[in-house]
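Subject: Structure handover

Hi,

Here is the structure I promised to pass on. Have a look at it first, and my notes follow underneath.

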Amino acid sequence: MNDVARVAGVSVSTVSHVINGTRRVDPETEQVVRLAIASAGYIPNSLARSLARSTTSTIGVAISTFANHYFSEIVRAIDTACGKAGLMMLFADTHDDPEQELRVVQAFHQRRVDGILMAPTNDGALRSLKYLEANQIPAVLVDHLLPTPFDQVGVENTEAMQSLVAHLIGHGHTRIGYLSGAQWNSTSGERLAGYRRALAAAGVAIDERLVACGESSVEPARLAVHALLALPDRPSAIVSGNNLMTLGAMRALKEAGVAIPGEIAFAGFDDLDWADLFSPSLTVTAQPLEDIGARAVSLLIRRIREPDAARSVVRMPATMRIRRSCGCP
């Protein structure tokens, strides 16, 4: 900065104001300074600046994305929101492993991130959450919401699933099979509650044999659907609790030669880029992924700036996208 100031014929403080935008500088002077920066090949030392200001303008994102396109979309939305806010995003995949999650959180802390966004591994995340709390690291939980003191953002899982199942009941279905996600996942529990609530509201008796665990993954869901199809009184409709289980379910129905929606109606939670390209096109509940990512970033920025602000838990509404697999024309 001394070199730039000497070349431009200005003070070092003027160079600092141009670089950091901390005070208005005469446009002609600013142009001279920027030309001097370009000619000197000067690049601001982000590490030195962060040490001086006790902030790095970076956030860590700890989410398991490689196995699920849904989280990849949320991370992309987070990255976009960070860019708009002038933040750099550091990302690490937790692989839904509590030990890996803790290692990632500790690594982010060591790299002096200003805050962390995390989709916790629920009960297994207790060590990570305790570490965040003990070290007073600003953090926001995404999607997997837990009874913790942290800010959180996710979708209205129970209400959205209740509406989806009620839509099938409206078509006259009373034996509705349900593919539930991994039992450790709070999101899975909320959606299963929505399924049960819809049946109870319609006065439909719940047959526990129709509730199958697809473990939030493709192959377990495929096997679970084959088990549902093997029941003496098989379901007339099936609902999937997430996008990966939808893939497994559709694969099983194809293998069994079941016509959709003629023999079995189908609906799933989470929209897919190609859901409307299936034959028939899939009726699904879509989550506002961009809004979830953007809101998570805004909550984290607020928490960084206002450490003592009241805890905020944001539930966003989902949207039912009615296509043909449910039996609608």
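By contact I mean heavy atoms within 4.5 Å of each other. With that in hand, take Ser281: leaving aside its neighbours within four places in sequence, Ser281 is in contact with Ala275, Asp276, Arg323, Arg324 and Ser325. The residue sits in the loop between β9 (265–269) and β10 (283–286). Ser281 counts as buried, because its relative accessible area is 13% and the cut-off for buried is under 20%. Please keep in mind throughout that this is a predicted model.

Now the overall layout. The protein is split into domain 1 (1–53), domain 2 (58–155 + 289–316) and domain 3 (157–287). The centres of domain 1 and domain 2, taken over C-alpha atoms, are 34 Å apart.

On to β6. Which residues cover its two faces? Ile176, Tyr178 and Ser180 are on one side, Gly177 and Leu179 are on the other, and all of them are buried. That fits the count for the strand (residues 176–180), where 5 of 5 residues are buried. As for its partners, β6 runs parallel to strand β8 (residues 237–240), with 4 bridges between them, and Leu179 stands opposite Ser240 there. β6 also runs parallel to strand β7 (residues 211–213), this time through 3 bridges; Tyr178 has Val211 as its bridge partner in β7. Put helix α9 (residues 186–201) together with β6 and β7 and you get a right-handed β-α-β unit.

The packing around there is worth a look too. In soluble globular proteins, nonpolar side chains tend to be buried together. Here the largest nonpolar core has 44 residues, and those with the most contacts inside it are Val165, Ile176, Leu179, Tyr195 and Leu253. At least two residues of this core come from each of α8 (157–170), β6, α9, α10 (218–229), β8, α11 (243–255) and β9. The element that gives the most is α8, with 6 residues. If you want one residue to click on, try Ile176: beyond its neighbours within four places in sequence, Ile176 is in contact with Val165, Leu168, Ile169, Tyr195, Leu199, Leu210, Pro235, Ala237 and Val239. Apart from this core lies another one of 25 residues, among them Ile78, Val153, Val314 and Met316.

Val153 brings us to β5. Again 5 of the strand's 5 residues are buried, with Asp151, Val153 and Val155 on one side and Gln152 and Gly154 on the other. Strand β4 (residues 139–142) runs parallel to β5 and is joined to it by 3 bridges; the partner of Val142 in that pairing is Val153. Strand β11 (residues 313–316) is parallel to β5 as well, joined by 4 bridges, and Gln152 has Val313 as its bridge partner there.

Last, the charged pairs. Side chains of opposite charge can pair when their charged atoms come close. How many salt bridges does the structure hold? The count is 16, and these are the ones I looked at:

- Asp151 and Arg302 meet in a salt bridge at 3.4 Å, N to O. Asp151 lies in strand β5 (residues 151–155) and Arg302 in helix α12 (residues 289–305), so the pair ties together parts that are 151 residues apart in sequence. Asp151 is buried, with a relative accessible area of 1%, whereas Arg302 is partly exposed at 25%.
- Glu99 and Arg127 form a salt bridge in which the closest N and O atoms are 2.8 Å apart. Because Glu99 belongs to helix α6 (residues 98–110) and Arg127 to helix α7 (residues 126–134), this pair ties together parts 28 residues apart in sequence. Both residues are partly exposed, with relative accessible areas of 39% for Glu99 and 48% for Arg127.
- Arg209 and Asp207 also meet in a salt bridge, at 2.9 Å from N to O. Arg209 is partly exposed at 46% relative accessibility, while Asp207 is buried at 17%. These two belong to a network of salt bridges that links Arg175, Asp207, Arg209 and Asp233.

Cheers

Notes:
Residues numbered from 1 in each chain as written. Predicted model: local features only at pLDDT ≥ 70, side-chain atom pairs only at ≥ 80, totals over all residues. Heavy atoms only, no water. Domains from an automatic or database assignment. Salt bridge = Lys/Arg side-chain N within 4 Å of Asp/Glu carboxyl O. Buried < 20%, exposed > 50% of the residue type's maximum accessible area, 1.4 Å probe, protein only. Pairing = 2+ DSSP bridges. Right-handed = clockwise from strand over helix to strand, strands pointing away. Core = buried A, V, L, I, M, F, W, Y, C linked by side-chain atoms within 4.5 Å.
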